[in-house]
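Thanks for coming. I have one structure to go through today, so please look at the sequence and the model while I talk.

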Amino acid sequence: MISTATEGAAIDDPSLAHLLYGLMTAFPLFFLPTLLGLAINLAHKPQGVSAMVQSHLRWQRHSMIGFAILAGLGFFLSPLWLSVSIYLVATLWFCHRIIKGWLSLTEGVEV
């Protein structure tokens, strides 16, 4: 039986996290790429990935769910000024989380 050096070790391949950040940046396209990214994130089983990649997957999941909640809240509020204000805050917050997370991933740092 041949044993490899990576057996039992955490995999540090951030390609999935990069893909999901890319999908998150396309949120102006009717929010569909972000929903696809959330579905991929929720379906992914994080066994065997490093703590750094796990922290980014969790960061992305919380960002996408938070943005969906804020966008839904903005949609159901009747005063237009309040709805637009919530959309603006949600968009700025989401963009901040994408930029901070993606830069941290590029540097190889946990979020």
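Start at S104, and set aside residues up to four places away in sequence: S104 touches H56, V109 and V111. This is a predicted model, so keep that in mind throughout. S104 sits in helix 4. Is S104 buried or exposed? Its relative accessible area is 12%, and buried means under 20%, so S104 is buried.

S104 has company in that respect. The buried residues of helix 4 are S83, I86, A90, F94, R97, I98, G101, S104 and L105. Note that R97 is in that list. What do the buried residues of helix 4 pack against? They pack against helix 1, helix 2 and helix 3.

On geometry, helix 4 has 28 residues. From first C-alpha to last, helix 4 reaches 40 Å, close to the 40 Å expected at 1.5 Å a residue. After helix 4 comes G108, with a positive phi near 80 degrees.

Now the partner helix. Helix 3 covers residues 51–76. How does the span of helix 3 agree with its 26 residues? At 1.5 Å a residue they should span 38 Å, and the end C-alpha atoms of helix 3 are 38 Å apart, so the two agree.

The buried residues of helix 3 are M52, V53, S55, H56, L57, W59, Q60, S63, M64, G66, F67 and G74. H56, which I mentioned as a contact of S104, is one of them. The cover over these residues includes helix 1, residues 15–25, helix 2, residues 32–43, and helix 4, residues 80–107.

Two residues of helix 3 are worth a slide each. Take Q60, which lies in helix 3. Q60 has 0% relative accessibility and therefore counts as buried. Which residues does Q60 touch, not counting those up to four places away in sequence? They are A17, L20, Y21, M24 and N41. Of the elements that cover helix 3, helix 1 runs over 15–25 and helix 2 over 32–43, so you can place those contacts on the model yourselves.

The other is G74, also found in helix 3. G74 is likewise at 0% relative accessibility and counts as buried. Leaving aside its neighbours within four places in sequence, G74 is in contact with S83, I86 and Y87. S83 and I86 are in turn among the buried residues of helix 4. Within helix 3, G74 and S55 are 19 residues apart along the chain, and their C-alpha atoms are separated by 28 Å.

Next, the loop between helix 2 and helix 3. H44 is found there, and so is K45. H44 is partly exposed, with a relative accessible area of 27%, whereas K45 is exposed at 59%. What does H44 touch, not counting residues up to four places away in sequence? The contacts are L16, V49 and L57. H44 and L57 are 13 residues apart in sequence and 9.2 Å apart in space, C-alpha to C-alpha. L57 is one of the buried residues of helix 3. For K45 I have a distance to L80, 35 residues along the chain: their C-alpha atoms are separated by 41 Å.

Now the whole chain. How many helices and strands are there? There are four helices and zero strands. From the N terminus on, the order is α-α-α-α. The radius of gyration is 17 Å, well over the 13 Å that the globule rule gives for 111 residues, so the chain is more spread out than a compact globule. The C-alpha trace spans about 70 × 25 × 20 Å along its principal axes.

Burial for the chain comes to 32% of the 111 residues. Among contacts with a separation of 6 or more, residues 24 or more positions apart account for 70%. The chain exposes about 7000 Å², and carbon and sulfur atoms supply 72% of that. As for charge, there are 5 positive and 5 negative charges, and their mean positions are 15 Å apart.

To go back to the start: S104 is buried in this model, and H56 is among its contacts. Happy to take comments.

Key
Residues numbered from 1 in each chain as written. Predicted model: local features only at pLDDT ≥ 70, side-chain atom pairs only at ≥ 80, totals over all residues. Heavy atoms only, no water. Helix = DSSP H or I, 4+ residues; strand = E, 2+ residues; numbered from the N terminus. Rg over C-alpha atoms; globule rule 2.2 N^0.38 Å. Buried < 20%, exposed > 50% of the residue type's maximum accessible area, 1.4 Å probe, protein only. Contact = heavy atoms within 4.5 Å. Areas by Shrake-Rupley, 256 points an atom, 1.4 Å probe, with all protein chains shown as cover. Lys, Arg positive; Asp, Glu negative; His and termini not counted. Charge placed at Lys NZ, Arg CZ, Asp CG, Glu CD. Expected span 1.5 Å × (residues − 1).
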